[in-house]
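Welcome! Let's take a friendly walk through a protein and the ligand that sits with it. Have a look at the chain first, and then we will go through it topic by topic.

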Amino acid sequence: MNQQRFDNKVVIVTGAASGMGKASALRFAAEGAKVWCADVNAEGAADTAKEITTAGGTARNSHFDVTSVELCQSLVADVVEAFGGLDILCNIAGLGGTTAMAEETEQHWKLVMDVNINGPFFLSQAALPHLLASKGNIVNISSTAGLIGQAYMSSYCASKHALIGLTKTMALEFGRKGIRINAICPGGTNTQFLAGFTFPDDCDEDLLLRASFLAEFAEADDIANLVCFTASDEAKFINGAILSVDGGMVAG
Ligand SMILES: NC(=O)c1ccc[n+]([C@@H]2O[C@H](COP(=O)([O-])OP(=O)(O)OC[C@H]3O[C@@H](n4cnc5c(N)ncnc54)[C@H](O)[C@@H]3O)[C@@H](O)[C@H]2O)c1
């Protein structure tokens with residue numbers, strides 16, 4: 001059999017139960033990786049892992065809540081114990097929602113920050129010693145909302161901008177030590193995530209139109225393609241990059 005891009009590589013995918021996380025997990029596994037499917041939706045993560053093993057690949061799964069620092073640490077420990085190391089961490093789990101800034105609650109703001117930026121920080125921190133050993137890499141899923149302001153998405157935009165700042169800082173801090181950290185910024189993508197996007201009744205439609213440049217959405221596989229390329233050795237000189245997959249939405 002021909003050598004594949006991720007033969008002998010160990011990958012953690014958060015958000016592996018659905019959407020881009022599931023598409024990425026399936027793609028990594030199809031190209032030889034041992035994949036750990038982690039998601040707060042335990043049943044969905046198990047389904048993704050089952051799909052991989054049924055197809056002859058290698059996968060494990062666990063219930064994982066990225067908002068728990070303790071679970072971030074134990075996830076990495078479990079993966080390293082089961083698979084003998086860690087090569088790639090994909091921070092894909094995410095949470096959105098739309099609300100007028102004046103209506104944003106403390107509870108929702110803090111939850112979005114915990115899932116979209118605090119979790120990726122603590123999971124990356126736990127993974128770093130192993131990634132330094134394997135000369136591995138991290139792929140973070142940010143958003144076009146990490147690059148430009150989007151009305152009625154204050155918590156989401158702030159969290160995704162923060163993830164880009166974290167990505168660049170980590171890339172500088174660890175680039176000379178042989179590991180890479182990059183971020184991908186999808187635009188609207190056809191997943192269950194978009195179901196949470198209902199805008200306030202009295203919203204300014206002109207502001208919404210600014211964020212809906214395209215008539216159609218990307219598919220999860222369109223994003224998984226870039227996740228896997230970025231994580232592969234083909235991208236060995238790409239570090240600290242913020243890569244858009246949005247059909248040109250933030251081009252101007
Ligand atoms: N779909 C879009 O239009 C779009 C656009 C830009 C960026 N994104 C980002 O893409 C990423 C993937 O989203 P998707 O579109 O595939 O949506 P999705 O809803 O299909 O997948 C998100 C996954 O994250 C999991 N998750 C949520 N909270 C979690 C937690 N506390 N711990 C662990 N897992 C948790 C969910 O269970 C789900 O499986 C997210 O980070 C999202 O912000 C999505």
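A residue counts as near a molecule if its C-beta atom, placed from the backbone, lies within 6 Å of that molecule. Keep in mind that this is a predicted model. With that cut-off, 31 residues are found around the ligand. The protein chain itself has 7 helices and 7 strands.

**The chain as a whole**

- Following the sequence, you will meet the pattern β-α-β-α-β-α-β-α-β-α-β-α-α-β.
- The C-alpha trace spans about 55 × 35 × 35 Å along its principal axes.
- The radius of gyration of the protein chain is 17 Å, which agrees with a compact globule of 252 residues, because such a globule would have a value near 18 Å.

**Around the ligand**

- Which residues come nearest to the ligand? They are Gly-15, Gly-19, Ala-93, Gly-94 and Phe-193.
- Helix α1 (residues 19-30) gives the largest share of the shell around the ligand, with 3 residues.
- Sorted by class, the shell holds 14 nonpolar, 15 polar and 2 charged residues.

**Helix α1 with helix α7**

- The helix α1 that you just met at the ligand also packs against helix α7 (residues 220-231), at an angle of about 55° and with the axes 8 Å apart.
- That angle makes α1 oblique to α7.
- The crossing of these two helices, α1 and α7, is right-handed.
- On the α1 side, the contact uses Gly-19, Met-20, Ala-23, Ser-24, Arg-27 and Phe-28. They meet Ala-220, Asp-221, Ile-223, Ala-224, Val-227 and Cys-228 in α7.
- This contact of α1 with α7 has 8 nonpolar, 2 polar and 2 charged residues.

**Helix α4 with helix α5**

- The axes of helix α4 (residues 106-134) and helix α5 (residues 154-175) come within 9 Å and cross at roughly 15°.
- Are the two helices roughly parallel or oblique? The crossing angle makes α4 roughly parallel to α5, because angles under 35 degrees count as roughly parallel.
- α4 passes α5 in a right-handed crossing.
- From α4, the contact includes His-108, Trp-109, Val-112 and Met-113, and from α5 it includes Ser-155, Tyr-156, Ser-159 and Lys-160.
- Divided by class, the residues of the contact of α4 with α5 are 11 nonpolar, 5 polar and 1 charged.

**Helix α3 with helix α4**

- Helix α4 has a contact with helix α3 (residues 69-83) too: these helices pack at an angle of about 30°, with their axes 9 Å apart.
- The crossing of α3 and α4 is right-handed.
- In α3, the residues Val-69, Cys-72, Gln-73, Val-76 and Val-80 take part. Their partners in α4 are Gly-119, Phe-122, Leu-123, Ala-126, Ala-127 and His-130.
- How many charged residues does the contact of α3 with α4 have? There are no charged residues in it, alongside 8 nonpolar and 3 polar.

Technical notes: Residues are numbered from 1 along each chain as its sequence is written. This is a predicted model: local features need pLDDT of at least 70, side-chain atom pairs count only at pLDDT 80 or more; totals for chains, interfaces and linings use all residues. Axes are lines fitted to C-alpha atoms, for helices over the stretch in contact, and angles run from 0 to 180 degrees between N-to-C directions. Helices (H or I, at least four residues) and strands (E, at least two) are DSSP runs, numbered from the N terminus. Angles under 35 degrees count as roughly parallel, over 145 as roughly antiparallel, 65 to 115 as roughly perpendicular and the rest as oblique. A crossing is left-handed if the near helix is turned anticlockwise from the far one by less than a right angle, and right-handed if clockwise. Two residues are in contact if their C-beta atoms, placed from the backbone, lie within 7 Å. Ala, Val, Leu, Ile, Met, Phe, Trp, Tyr, Cys and Pro count as nonpolar, Asp, Glu, Lys and Arg as charged, and the others, Gly among them, as polar. The radius of gyration is taken over C-alpha atoms; the globule rule is 2.2 Å times the number of residues to the power 0.38.
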